[in-house]
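Subject: Structure handover

Hi,

Here is the structure for you to look over. My notes come after it.

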Amino acid sequence: MTTGAPTTSEITVLNPHDGTLVGSLPCAGEDEIRGALTAARSAASDWARTDPEERGRMLRAAAEALVQHATELAELNTRETGKLAQEALGGVMAGVGTLRQYAELGPVHRGHSLRGGVLAADWTVAEPRGVVVALTPWNDPVAVAAGLLGAAIVTGNAVVHKPSERCPHTGARLGEILAEVLPEGVLVTVTGGPEAGRLLTQLPEVDAVAHVGSSATGRAIALAAAQTGAHVIRENGGNDALVIDDDVDPAWAAEQAAIGAFTNAGQICTSVERVYVHRQIAEPFLEALAAEARARNRDRDTMLAPLVDRRLRETVQGHVAAAVADGATVLEGGVVPDGPGSFYPATVLRDCTERMQVMREETFGPVAPVAVVESFAEGLRLAAADRYGLAATVLTGRIAHAQRAVAELAVGTVKINNVFGGAPGGSAQPRRDSGAGFGYGPELLDEMTQVKVVHVEMPPARG
Ligand code: NAD
């Protein structure tokens with residue numbers, strides 16, 4: 001945490017499982033935010049001059065510190081955001097893995113030599129940007145933050161991190177654990193809501209803003225950065241489609257759809273947000289998908305996380321109710337349960353159309369809205385006609401259809417036959433409303449640095 005400067009208000013977090021109080025934390029006011037940026041700026045030049053190998057060593061120590069506190073952080077995350085215990089621990093360990101990766105990759109991140117004149121020397125240097133503001137979401141708070149912080153720190157930047165107001169205790173504790181093994185000011189954490197985030201992006205002292213979060217916030221940040229000149233990396237919302245061909249096993253396709261739509265109660269940026277299934281297999285697919293949803297609703301303590309809060313639950317229920325009013329049929333779920341907390345059932349809707357909000361916008365809940373299509377080509381066309389561009393999956397046994405999907409889907413990541421498939425270090429640029437730049441992988445080291453070209457030649461011989 002930062003200085004003891006005056007604060008404006010408090011954030012209160014309720015446990016999404018049972019509605020009990022997790023705790024309250026102060027929102028950073030303007031003085032505290034300016035203090036955080038000043039502390040980071042004071043640390044930035046020494047840190048930039050620290051040997052890359054030493055920076056890597058310290059980041060490795062930060063990863064090991066996180067291992068020591070993995071269970072504590074995972075439990076805190078479960079209490080704040082409702083994430084199931086195993087998934088919360090998985091998220092923390094994913095963060096550890098990312099820090100370790102950047103600890104190795106940072107020192108070997110390098111420039112190029114260029115081919116100038118025979119007697120000249122030309123090369124590029126990747127320099128840190130300076131002070132990076134990281135604004136992170138709540139849905140996988142440790143894993144996402146570890147990526148941005150690790151890449152920024154190992155390349156020699158000082159960071160001011162503002163975690164989400166929906167998991168401020170997790171974010172603050174993560175900051176304490178990591179900052180303890182880093183030089184003072186290299187990582188400063190401030191807690192607060194959108195106001196604090198807005199101020200951090202409007203101040204000209206910031207060299208780069210890395211935002212993982214909603215598309216609306218991403219747009220506001222891009223606008224603010226147009227005024228300050230800060231470099232912006234945005235990893236934003238998605239409305240990922242799942243297109244199902246007629247030659248696949250409908251029960252397997254239903255498993256894939258359920259994993260994609262219901263894991264973490266649909267609160268993953270690359271959750272399946274809409275499904276286009278070929279008419280040929282639509283009936284057995286829908287039946288199997290409804291059964292998958294029912295199984296999760298029966299055993300929600302181990303299979304279905306709650307939504308992060310009742311505000312999100314209202315949005316999700318709004319999308320579902322509007323779809324039903326417009327002709328969709330509920331096969332399973334769709335009703336807000338009684339009782340404390342913010343659970344929402346795994347929900348399957350059929351007869352969905354492109355008019356519906358549930359198909360056009362990111363719902364971010366455990367909802368699988370399904371449209372039946374007459375051909376794979378129709379499914380692909382509908383999947384592609386979207387303002388988001390994060391990722392998409394197709395299930396098909398035909399190589400020609402898979403190739404066509406790769407060519408026609410204007411998204412950062414196309415997955416064939418596995419909704420959450422991917423290789424370590426895989427990173428793509430999201431398109432349109434889903435953001436800009438690389439938010440993950442080795443390429444994030446490029447985003448966190450700026451390239452300088454150096455040209456050297458000898459002066460002419462004297463006299
Ligand atoms: P959010 O954008 O509301 O919040 C993220 C961070 O931005 C928080 O720290 C928040 O306080 C801050 N913020 C909010 N308004 C701001 C403003 N006007 N200026 C500056 N900062 C501001 O997002 P969220 O609701 O916390 O997260 C859910 C969203 O994140 C979903 O849309 C999800 O798809 C997306 N997400 C994307 C990825 C990805 O890699 N593409 C990963 C995880 C989550």
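Below are the notes on the domain, one helix and one serine.

This is a predicted model: local features need pLDDT of at least 70, side-chain atom pairs count only at pLDDT 80 or more, and totals for chains, interfaces and linings use all residues. Residues are numbered from 1 along each chain as its sequence is written, and side-chain values use heavy atoms, with hydrogens and water left out.

Domain. UniProt lists residues 9-454 as "domain: Aldehyde dehydrogenase", in an unreviewed entry; such annotations may be inferred rather than shown by experiment. Over residues 9-454 the chain is 46% helix and 21% strand. Helices (H or I, at least four residues) and strands (E, at least two) are DSSP runs, numbered from the N terminus. The end C-alpha atoms are 49 Å apart.

Helix α8. It covers residues 215-228, 14 in number. First to last C-alpha, α8 reaches 20 Å, close to the expected 20 Å (1.5 Å times one less than its number of residues). Ser-215, Gly-218, Ile-221, Ala-224 and Ala-225 of α8 are buried (under 20% relative accessible area, 1.4 Å probe, protein chains only). Their cover includes β5, α7, β8, β9 and β15. Just after α8, Gly-229 has a positive phi of about 85°.

Ser-271. This residue sits in the loop between α9 (250-262) and β11 (274-278). Ser-271 counts as buried because its relative accessibility is 0%. Its side chain reaches the backbone oxygen of Gly-266 at 3.0 Å. Leaving out residues up to four places away in sequence, Ser-271 touches Asp-240, Gly-260 and Gly-266 (contact: heavy atoms within 4.5 Å).

Best wishes

Conventions:
Buried < 20%, exposed > 50% of the residue type's maximum accessible area, 1.4 Å probe, protein only. Polar contact = N/O pair within 3.5 Å; in protein donor to acceptor, adjacent residues only side chain to side chain.
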